[in-house]
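Here's a quick tour of a few spots worth a look in this model. Have the sequence open alongside the coordinates as you read.

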Amino acid sequence: MQPFNTGHEDTVHDVQYDFYGRSVATCSSDQHIKVFKLDRESTQWVLNDSWRAHDSSIVSLDWASPEYGRLIASASYDKTVKIWEEDPDQEECSGRRWTRLCTLNDSKGSLYCVKFAPAHLGLRLACIGNDGMVRIYDALDPSNLRSWALTTEINVLPVAPANNLQSAFGLSWCISRFSAEKLAVCALDQAYIYQRAKDGNMYQAGKLPGHASLIRCISWAPSIGRSYHLIATGCKDGKVRIFKVNERQSGESTPALSDDEMTMDGAKSPKPRQSNLQVELLSEHDDHKSEVWSVSWNLTGTILSSTGEDGKVRLWKSTYSKEYKCMSIITAKQNI
């Protein structure tokens, strides 16, 4: 692993590869987004463009599926999500290569995370901010990406945290085509799974237990070849946790979620929903010995990477006995 200088003038908050791994986007407290492309001959990252994108710190960004074009969504403390499209006719490093298509400004608080939905759900994105609300937007017309509509609101927290307190929020979509639309959400020290019902509403279908401090990141693993789901979280308490989620078959007895555990588009459901998800803590690890800031699965959902304040990336893999072990530790200087 080789470090490279992004040229940002302040803290870099998020780094995201595109689908093919040939471009990488970064965002920073300097209010700029930078996009780099990989030079295959020199294997170096070369600046594609840099532009001032928001009026405050930019803390999250994400690439859309390539079938919808070269799109980036960014979320900022200025309470807005902006959607950007690359214009290949503009000169690189001109500051004009990425055009703003749309600004979504429904949030009442600073935004912390934005994620595009998997491609089979259409051109859709979700964001969450300090007001404790998840908002889901859909592109109204694939031929006009400037027009987006707020289609779902989920009230995750009954009371928004005070602005002077440290907060943490995150999102991760389930990418499986063979189950109902699901979204994992972490808000402060709580983590939930929301699922879309047949009537089109989102309801709380499960909860990830065992967290006692701020959850910095949540990641839903691709479920290729598995009959169950895996979700990982990284926490301020220094632990990486891995959860196993089973979908119950229809006809099995399932406990109902109480009214105070459920939200549906920002309001309590008039009657309890039956949960079809069974969640269990598979393993937890404190190898970082410090705050864990990020967790992420590979494309096949077989290897989990985590990084924390110890400045190291740890790679986790399941053994034959289904126990997760740290298989490698990566630093910018050497591999252990």
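Start with Ser74: its bridge partner is Lys82, which sits in strand 7. That pair belongs to a model that is predicted. Strand 6, covering residues 71-76, and strand 7, covering residues 81-86, run antiparallel and are joined by five bridges.

Zoom out a little and you find an open sheet of four strands, ordered 5-6-7-8, with antiparallel pairing. At its edges are strand 5 (58-63) and strand 8 (98-104), each of which pairs on one side only. From one strand to the next, the twist averages 25 degrees.

Between strand 7 and strand 8 there's a loop, and Gly95 is found in it. Is Gly95 buried, exposed or partly exposed? Its relative accessibility is 32%, so Gly95 counts as partly exposed. Skipping neighbours within four places in sequence, Gly95 is in contact with Asp49, Ser50 and Trp51. Gln195 is another story: Gly95 and Gln195 are 100 residues apart in sequence, and their C-alpha atoms are 40 Å apart in space.

On the annotation side, UniProt (in an unreviewed entry) puts the feature "repeat: WD" at residues 51-85, 208-253 and 285-317. Here's how two of those stretches come out:

| Residues | Helix | Strand | Distance between end C-alpha atoms |
|---|---|---|---|
| 51-85 | 0% | 54% | 13 Å |
| 285-317 | 0% | 55% | 12 Å |

Now for the packing. The largest nonpolar core has 23 residues, and the ones touching the most other members are Val134, Val156, Leu171, Leu183 and Val185. Two or more residues each come from strand 9 (111-116), strand 10 (124-129), strand 11 (133-141), strand 13 (169-173), strand 14 (182-187) and strand 15 (190-196). Which residues does Val156 contact, once neighbours within four places in sequence are set aside? They are Gly132, Val134, Val185, Ala187, Tyr192 and Tyr194. A separate core of 19 residues lies apart from the largest one, with Leu101, Phe116, Leu123 and Tyr137 among its members.

Last stop, back towards the start of the chain: Thr6 is in the segment before strand 1 (12-17). A polar atom of the Thr6 side chain lies 3.3 Å from the backbone nitrogen of His8. Beyond its neighbours within four places in sequence, Thr6 is in contact with Val12, Thr26, Lys34 and Phe36.

Terms used. Residues are numbered from 1 along each chain as its sequence is written. This is a predicted model: local features need pLDDT of at least 70, side-chain atom pairs count only at pLDDT 80 or more; totals for chains, interfaces and linings use all residues. Side-chain values use heavy atoms; hydrogens and water are left out. Two strands pair if DSSP finds at least two bridges between them. Axes are lines fitted to C-alpha atoms, for helices over the stretch in contact, and angles run from 0 to 180 degrees between N-to-C directions. A nonpolar core is a set of buried Ala, Val, Leu, Ile, Met, Phe, Trp, Tyr and Cys residues joined through side-chain atoms within 4.5 Å. Buried means under 20% relative accessible area, exposed over 50%, partly exposed in between (1.4 Å probe, protein chains only). Contact means heavy atoms within 4.5 Å. A polar contact is a pair of N or O atoms within 3.5 Å; within protein, one must be able to donate a hydrogen and the other to accept it, and residues adjacent in sequence count only if both atoms are side-chain atoms. UniProt positions are given in the numbering used here, feature names are shortened, and annotations may be inferred rather than shown by experiment.
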